[in-house]
There are 4 protein chains.
Amino acid sequence: MVKLGFLGLGIMGSAMARNLLHAGFDLTVWNRDREKMAPLTEAGAKPAESPADVASTCDITIAMVSNPEASHAIAFGKDGVIEGLSQGKGYVEMSTIDPQTSHAIAKAVRAKDARYLEAPVSGSKKPAEDATLVLLAAGDHALYDEMKEAFEAIGKLTVYLGEVGQGSAMKLVVNMIMGGMMAAFCEGIALAQANHLAPEDLFAVLDAGATANPMFRLKGPMIEQEQFSPSFPLQHMQKDLRLALALGEICALPLPTIAAANAQFLRARGMGLETLDFSAVWKAIQTVKP
Amino acid sequence: MVKLGFLGLGIMGSAMARNLLHAGFDLTVWNRDREKMAPLTEAGAKPAESPADVASTCDITIAMVSNPEASHAIAFGKDGVIEGLSQGKGYVEMSTIDPQTSHAIAKAVRAKDARYLEAPVSGSKKPAEDATLVLLAAGDHALYDEMKEAFEAIGKLTVYLGEVGQGSAMKLVVNMIMGGMMAAFCEGIALAQANHLAPEDLFAVLDAGATANPMFRLKGPMIEQEQFSPSFPLQHMQKDLRLALALGEICALPLPTIAAANAQFLRARGMGLETLDFSAVWKAIQTVKP
Amino acid sequence: MVKLGFLGLGIMGSAMARNLLHAGFDLTVWNRDREKMAPLTEAGAKPAESPADVASTCDITIAMVSNPEASHAIAFGKDGVIEGLSQGKGYVEMSTIDPQTSHAIAKAVRAKDARYLEAPVSGSKKPAEDATLVLLAAGDHALYDEMKEAFEAIGKLTVYLGEVGQGSAMKLVVNMIMGGMMAAFCEGIALAQANHLAPEDLFAVLDAGATANPMFRLKGPMIEQEQFSPSFPLQHMQKDLRLALALGEICALPLPTIAAANAQFLRARGMGLETLDFSAVWKAIQTVKP
Amino acid sequence: MVKLGFLGLGIMGSAMARNLLHAGFDLTVWNRDREKMAPLTEAGAKPAESPADVASTCDITIAMVSNPEASHAIAFGKDGVIEGLSQGKGYVEMSTIDPQTSHAIAKAVRAKDARYLEAPVSGSKKPAEDATLVLLAAGDHALYDEMKEAFEAIGKLTVYLGEVGQGSAMKLVVNMIMGGMMAAFCEGIALAQANHLAPEDLFAVLDAGATANPMFRLKGPMIEQEQFSPSFPLQHMQKDLRLALALGEICALPLPTIAAANAQFLRARGMGLETLDFSAVWKAIQTVKP
């Protein structure tokens, strides 16, 4: 059986590693903060000393860390993944990173005659726990095929999108549509309120029609109660909108609706709301009365 | 049993009238073009000579015509509804009309000691046939209560929104959110295509996440095939966006995301796409290559 | 010599009437508030009892009132201009009014076999006093020719734009460009400040280049000092932007830059700044810090 | 007398170098393409072999090249400026470069105990020839003082803006305002045309009022004739708008009017107009008729 390694046991990573264990995989784990490894090793995972240790002892190593900088460090740092890789081994980067970082890692992995797959995920804590993530894979197709069973253990849908970078691009497209929907939603709630329509009536009507979607259903009542504890922080959404607009710039593609939505998220950042949930853009969209 | 009248047997009206018949209502119908009355009278409805005729012989008269002008004509014209109304009778205007027209009709109805309810619907041909419309009622509450059974025969959800004008306002809010979502969706498809991502992969990913909604599911493949036979014409969506922005102007509420979306729909109108489905905004959003 | 009548002696009208007197015209004046007539009659103007009185005793009557409602009242009210007009007389409406009102007055004037010219002005108090207004004339061309000398006494440029309504349309185009420039200017000042660049350095650089214009030169320092006593109230600019966007809707012409600028002015209105100068849009454009 | 060096003899640089010669400066010149040096050496300038040669033989070296890459190469390349600098010498970078490149050069210059000033210019070919450029200086203040006479020989206004990077930032602010003005102007021309108003009447009215500026005066007639030979290429304006928006992102400052204008310029790029003058954004703003 294939030996899997897993690097990064934060909120997302620990849930995903647990689901791999449940599915019966031979799993070796590592986390910068060693204490977070205990629950997994108690559940049957083998502990490792470093990313290099994981990469050299496993057939395929998965990484799930919090940002491009962490991803870069885990790959290129001392005792990092690149050191541990050798011919034929696989490295699957599932963190959300920019195409540049993904390309840099891919190049280093290939220089070791190893194989690289990026597979950023769409979905947050709950879908990670429920094994209902959506995986946006791109890179080595043979490695993708070998990961089939593992991907099924952590997600409900995996799409293969082509060359390295295409997974990140798809994630930006999806998040930018989500950001545009949220801005349109909040502008609608504001217009409803300004016309003395109850937000809950609006939510009921939206949920009964062609616009019905889990995001409005979940976030609507939280917006009404101004309950903004972060499941996807506003600053991350604004960054994704910026990166999507930048992707559009490269293709000479104007995205004016998204640019306007981005300005609303930026206004929210300027109001100091960047660490709240991205639905807190509501605060920037409501009219300010003197 | 309450005697119901129904004015306007177009695509929407004929489906709604048929559902009222199926539910066992005593129904009298009238349509400007008499030929369209035949299928309904064959199914058991009584024919009438004029809107006034319907209004004077029925307890409650329902109108479902295509625009504010037709709504105005059917109410105030010669042999119109107002002529036929008398004390205690009810008039339920379900056409999509602007608040001004609705208020004018309400005033005239009340001057005859009759009762007025506006109940514009959210949903198009299919939901009308399937009796799954969403009804946005506002006005006389007692009349609303009396219509309960009839509304259940044609829709899956009815909300009561308060004073005359609130139904129309809710409809504008819902349609403006729908228009904003469509613009964000098309900008996303364009960005995906420009980055060599297959639209069907995007649709699959969107449909597996928090953004999943019937509109994207239905319209996505039609956009990809540029199949734009109208179920909700683009010019009507653009008009609703304009009216929603105008409602925002009155409340000093900026709606910049919607204003940007509206510009995309206007561009589509300028390209001569106004009679196609509103998803044809896609054609205005794609980059024009030289 | 042609006998001129002048209706409306507010800030603009009194300055214009005075310039006509200075140019030697035989002038009859009227104002709703009679006290404002004294300075003009002391300077040589003849007083009149009503708009109808002016219209019947003068060859050509000029109106300069504050809004479409006042314009409508002065024309159609009891003892209004229409009552006093007769064959061959001229009516020159210089108030800023919408095309609909202008068309309605034109029709009534022609029904009396009299002639109508609209000539809204570009410019505010100072240009009115200095006789440097810009006049946007449209309507009866013979009347336009007869007004040549009078127009020269109050303005520095008169353009003849064709049919009734074209003068109002030009005014909206000019004001919408002005509003767009002001929004771009304020966004630039905000970006300068956020980067620790002194606004006065920005003003100096703008004034030395291709962008140099009287508006930036005048308003820049006032914005820096947040001195917003109104010379052109913000609510009027926002209304003109709305009307320009509405004109674009009719022609299926998207104006997204102006729509975004309009949202900034609307935001300012929502902040309660509507009676300040239109440069107070600055307050809505500055970032809000927590 | 101070010995000046000049690197880069393109359209801008050759005009500036010529003005320095006319003002009596002792000038040494270098250009990658040696043939372009001839007109200057014939007029009295001394030829040099390389940027290092200029930097080592002159007290102060000025660079005026076409983009950040050329600027980087001329400084850091073999026989580059950095090689030639020594204690107390000055380097004045007048090319339009991004703050990052400017900071990198500044650091290297200081490492040689030399002094650095950035001084990007506002203005194009004509102002360069007429010595009416606007200079946006930032960096070493003593060097700025020493350059006073030289700056007066090539420009009509020099502002000192503080630390390295502030000159570039000011240039972006100025160009972004210019881009916003151009978009508003073109949207206005389009609205005028759609309402059968002659563009030349609009230009006359704008030029007689508070909006009068050299850019509208020059570009208006060229837009009307669709004469777009580049004096400032559209792709450069779009890039500057993008960089200004990016500067806003860093400060959490939304710039929605500029974002909407940027989308119009991007649309123009998508239409293949990137090498034309930036006023060719007109082509993207006009309505497309089917």
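Copies in this predicted model are superposed by least squares on the C-alpha atoms of residues with pLDDT of at least 70 in both. With that in hand, the rotation axis can be considered: Ala259(D) is the residue of chain D that comes closest to it, its C-alpha lying at 3.1 Å.

The relations between chains are pleasant to follow. A turn of 180°, with a shift of 0.0 Å along the axis, lays chain D on chain C with an RMSD of 0.1 Å. This is the relation of a two-fold axis. Both copies use the same surface, as 100% of the contact residues of chain D recur in chain C. Chain D can also be laid on chain A, here by a turn of 179° and a shift of 0.1 Å along the axis, with an RMSD of 0.1 Å. Because 100% of the interface residues of chain D are also interface residues in chain A, these copies meet through the same surface.

Attention now turns to a pair of helices within chain B. Two packed helices are described by the angle between their axes and the distance between the axes. For helix 13 (residues 234-250) and helix 14 (residues 256-270) of chain B, the angle is about 145° and the axes are 9 Å apart. Helix 13 of chain B passes helix 14 of chain B in a left-handed crossing. Helix 13 of chain B contributes residues including Leu234(B), Met237(B), Leu241(B) and Leu245(B), while helix 14 of chain B offers, among them, Ile258(B), Ala259(B), Phe265(B) and Leu266(B). By class, this contact between helix 13 and helix 14 of chain B comprises 11 nonpolar, 3 polar and 2 charged residues.

Definitions and conventions:
Residues are numbered from 1 along each chain as its sequence is written. Chains are lettered from A and ligands numbered from 1 in the order in which they are written. This is a predicted model: local features need pLDDT of at least 70, side-chain atom pairs count only at pLDDT 80 or more; totals for chains, interfaces and linings use all residues. Two residues are in contact if their C-beta atoms, placed from the backbone, lie within 7 Å. Axes are lines fitted to C-alpha atoms, for helices over the stretch in contact, and angles run from 0 to 180 degrees between N-to-C directions. Helices (H or I, at least four residues) and strands (E, at least two) are DSSP runs, numbered from the N terminus. A crossing is left-handed if the near helix is turned anticlockwise from the far one by less than a right angle, and right-handed if clockwise. Ala, Val, Leu, Ile, Met, Phe, Trp, Tyr, Cys and Pro count as nonpolar, Asp, Glu, Lys and Arg as charged, and the others, Gly among them, as polar.
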